[in-house]
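This report describes how the strands of the structure shown below are paired, where its pockets lie and how two selected residues are placed.

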Amino acid sequence: MITLSKVRSSTIEQGKRILKVLQFGVKTAKEAGPFGFDSSPLENWTAIYSETSNKGDSVIIGYINKNQLSTPGESRIFSLDSGGFLASSVVLRTTGVIELNGAEFSAVRFEELKTAIDAQNELINAEFAKISISIGTLGGIYTPGEVSADLSTSQSETIKLK
């Protein structure tokens with residue numbers, strides 16, 4: 001039989017999440033979820049509790065989401081702070097856009113940005129050389145400095161873009 005229950009707490013035992021729920025009294029159950037996804041519900045979320053064919057084994061097979069925002073075809077992963085407010089999210093839009101904690105700014109491709117900055121630096125340095133020559137022909141002295149930008153510390157090794 002499948003019933004609704006209220007989450008009271010969760011613990012990890014031998015690599016498995018064990019939930020304490022209130023369902024006709026306090027009970028514990030293992031949590032079932034999609035492969036590769038690990039999350040822990042906040043207290044008082046409504047869990048879907050089910051007995052299994054193994055006597056004494058029960059599982060939580062899902063939760064009733066209080067914060068549904070996705071439109072048809074979209075997916076969202078989110079976390080909540082202890083007060084139940086949105087802390088972070090990843091939204092996969094049907095347009096192919098991925099939003100990390102919002103959509104206010106655009107991500108930058110490091111390699112293309114570095115190539116463009118390096119080319120711009122070469123043009124600026126070439127102009128400085130021309131200015132130095134012009135000032136020299138007029139009897140002045142101008143020693144141009146080298147313009148460069150080191151972007152190496154801004155590259156993310158763990159987040160990649162298409």
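Strands E2 and E3 form a hairpin with three residues between them, and phenylalanine 24 in the turn has a positive phi of about 55°. The model discussed here is predicted. The two strands of this hairpin pair in the antiparallel sense over five bridges. One point of register is given by valine 21, whose bridge partner in E3 is lysine 27.

**The barrel**

Both E2 and E3 belong to a closed barrel of five strands, which runs E1-E2-E3-E5-E4 with mixed pairing. From one strand to the next, the twist averages 55°. The pairing of E3 with E5 is parallel and extends over two bridges. Along this pair, glutamate 31 stands opposite isoleucine 60 in E5.

Serine 58 also lies in strand E5. Is this residue buried or exposed? Serine 58 has a relative accessible area of 7%, and because buried means under 20%, it counts as buried. Leaving aside neighbours within four places in sequence, serine 58 is in contact with Thr28, Ala29, Lys30, Tyr49, Ser50, Glu51 and Thr52. Of the residues named, threonine 28 is 30 residues away from serine 58 in sequence, yet the C-alpha atoms of the two are 7.6 Å apart in space.

**The open sheet**

A further set of strands makes an open sheet of three strands in the order E6-E7-E8, with antiparallel pairing. The edge strands are E6 and E8, each of which pairs on one side only. In this sheet the twist from one strand to the next averages 10°.

Strand E6 is joined to E7, residues 86-92, by six bridges, and the two run antiparallel. Within this pair, phenylalanine 78 has serine 89 of E7 as its bridge partner. E6 and E7 also form a hairpin, with five residues between the strands. Glycine 84, in the turn of that hairpin, has a positive phi of about 90°.

The two hairpins can be set side by side.

| Hairpin | Residues between the strands | Turn residue with positive phi |
|---|---|---|
| E2 and E3 | three residues | phenylalanine 24, about 55° |
| E6 and E7 | five residues | glycine 84, about 90° |

**The largest pocket**

About 910 Å³ of space lies in the largest pocket. Its lining consists of 29 residues, and those closest to the pocket centre are Glu31, Phe37, Ser39, Ser40 and Tyr63. Glu31 is the residue that stands opposite isoleucine 60 in E5. Four elements give two or more residues to this lining: strand E2 (16-22), strand E3 (26-31), strand E5 (58-63) and strand E6 (75-80). Strands E2, E3 and E5 are part of the closed barrel, whereas E6 is an edge strand of the open sheet. Which element gives the most to the lining of the largest pocket? That element is E6, with five residues. By class, the lining has 13 nonpolar, 10 polar and six charged residues.

**The second largest pocket**

The second largest pocket holds about 760 Å³ of space. It is lined by 24 residues, and Leu100, Ala107, Val108, Ile159 and Leu161 lie nearest its centre. Strand E8 (98-100) and helix H1 (110-137) are the elements that give two or more residues to this lining. The largest share, four residues, comes from H1. Strand E8, the other contributor, is an edge strand of the open sheet. The lining residues of the second largest pocket divide into 11 nonpolar, six polar and seven charged.

**A buried residue of helix H1**

Helix H1 contains asparagine 121. How is this asparagine classed, buried or exposed? Its relative accessibility is 10%, and since buried means under 20%, asparagine 121 counts as buried. Not counting residues up to four places away in sequence, asparagine 121 touches Val147, Ser148 and Ala149.

Definitions and conventions. Residues are numbered from 1 along each chain as its sequence is written. This is a predicted model: local features need pLDDT of at least 70, side-chain atom pairs count only at pLDDT 80 or more; totals for chains, interfaces and linings use all residues. Side-chain values use heavy atoms; hydrogens and water are left out. On a 1 Å grid over the protein atoms alone, a cavity is a set of points where a 1.4 Å probe fits but cannot get out, and a pocket is an open set with protein on both sides within 12 Å along at least five of seven lines; lining residues have an atom within 4 Å of a point. Grid points are joined across faces, edges and corners, and a volume is the space filled by probe spheres set on the points. Ala, Val, Leu, Ile, Met, Phe, Trp, Tyr, Cys and Pro count as nonpolar, Asp, Glu, Lys and Arg as charged, and the others, Gly among them, as polar. Two strands pair if DSSP finds at least two bridges between them. Axes are lines fitted to C-alpha atoms, for helices over the stretch in contact, and angles run from 0 to 180 degrees between N-to-C directions. Buried means under 20% relative accessible area, exposed over 50%, partly exposed in between (1.4 Å probe, protein chains only). Contact means heavy atoms within 4.5 Å.
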